[in-house]
Amino acid sequence: MMAPALRAGLLAAALTITGAQSPVAPPAAPRPPAEPPRSAQAEYMRAHFSQALVVHAAVIRGDLAAVAPAARVLADPARDAMPAGAASHVAGMTRGAREAVEATDILAAAQATARMLTACGTCHRALGTMPALATRERPPVGGVVGHMLDHQIAVDLMLQGLVVPSDSLWRQGTRAMATAPLHPRELPVDSAVRRELAPTEARVHRLATEAAQTTDPAARAGFYAQMLAGCADCHQRHAKIWGPKP
Ligand code: HEC
Ligand code: HEC
């Protein structure tokens, strides 16, 4: 048994320690493990990834004018920041980016973007690295915007499937795409436009179902490109709502 005086002393000590915090302060959250310092190369790669997402978003919007400046950054990477001994992969990436810069229609821009992303993936595989990529939050909204955000997350996963490269991310993305519905009656357009748009939506879903079965990187790149061109097709007709900015 502890002597009462000693117990009171310990209690007081405990109170002084906790007393340092305000009494209403929530318990301190467990501290996240310190991030390991990143190499300059890893930082550079993360910048590439953000830049690749800018190109991907411009293609999805059907905004050809925004594709070129975004892709130009990737067409001319700082050579000394790229890993050594992988010149052919760097060349594949920059070629894809250059073709995206020069593309004169959205399908060509989408195909070039897909080739570029495939080259990111082949280099990662060749050098035995499997980057962990961040995904975006899905705000809890419904309606057309909610469906669109589901689409966005699905195509982001497909992009990641190409870049990592990862079979499971590819399958996750294509399956999410195949099942994310957009009921044409929800579209904020008149019925004539709605009739025109419905087949596009159906085509995007059909492509996703087929894409889920593929394992070959080039075939996957082809599906990714067609899918993005499908998104762009609809958005371009809707330029006032969410398409290329004038
Ligand atoms: C020449 C080969 C090569 C090419 C091309 C390449 N990468 Fe990488 N990537 C690497 C290597 C090697 C690493 C590991 C870097 C490290 O951890 O130091 C890496 C890591 C990454 C990472 C993880 C960084 C981190 O946070 O640790 C991301 C993201 C990434 N690459 C994205 C891309 C994207 C997007 C492209 C194409 C636009 C691309 N990479 C093209 C070789 C390449
Ligand atoms: C059938 C036509 C159609 C197709 C196909 C389509 N979209 Fe959309 N998208 C729209 C419309 C209409 C809006 C505008 C919605 C609004 O703001 O009310 C929109 C808006 C968006 C937005 C912006 C949502 C926001 O935050 O306001 C994103 C992101 C988006 N689409 C992604 C995609 C992606 C990715 C694809 C292809 C996988 C795609 N969409 C395919 C019609 C379409």
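**Exercise 1.** Determine which helix gives the most residues to the shell around ligand 1.

*Solution.* Helix 2 gives the most to this shell, with seven residues. Helices here are DSSP runs of H or I, at least four residues in length, numbered from the N terminus. The structure is a predicted model, in which local features need pLDDT of at least 70 and side-chain atom pairs count only at pLDDT 80 or more, while totals for chains, interfaces and linings use all residues. Residues are numbered from 1 along each chain as its sequence is written, and chains are lettered from A and ligands numbered from 1 in the order in which they are written.

**Exercise 2.** Describe the shell around ligand 1 by its nearest residues and by its chemical classes.

*Solution.* Step one: a residue is near the ligand if its C-beta atom, placed from the backbone, lies within 6 Å of it. Of the 25 residues around ligand 1, M45, A86, C120, C123 and P131 come nearest. Step two: two or more residues each come from helix 2 (40-61), helix 4 (87-102) and helix 5 (106-126). Step three: the shell holds 18 nonpolar residues (Ala, Val, Leu, Ile, Met, Phe, Trp, Tyr, Cys and Pro), one charged (Asp, Glu, Lys and Arg) and six polar (the others, Gly among them).

**Exercise 3.** Establish how far helix 5 is enclosed.

*Solution.* Step one: a residue is buried if 20 or more other C-beta atoms, placed from the backbone, lie within 10 Å of its own. Step two: 15 of the 21 residues of helix 5 are buried, so this helix is largely enclosed by the rest of the structure. Step three: G128 follows helix 5 and has a positive phi, near 65 degrees.

Methods. A residue is buried if 20 or more other C-beta atoms lie within 10 Å of its own, exposed if 12 or fewer, and partly exposed in between; C-beta atoms are placed from the backbone.
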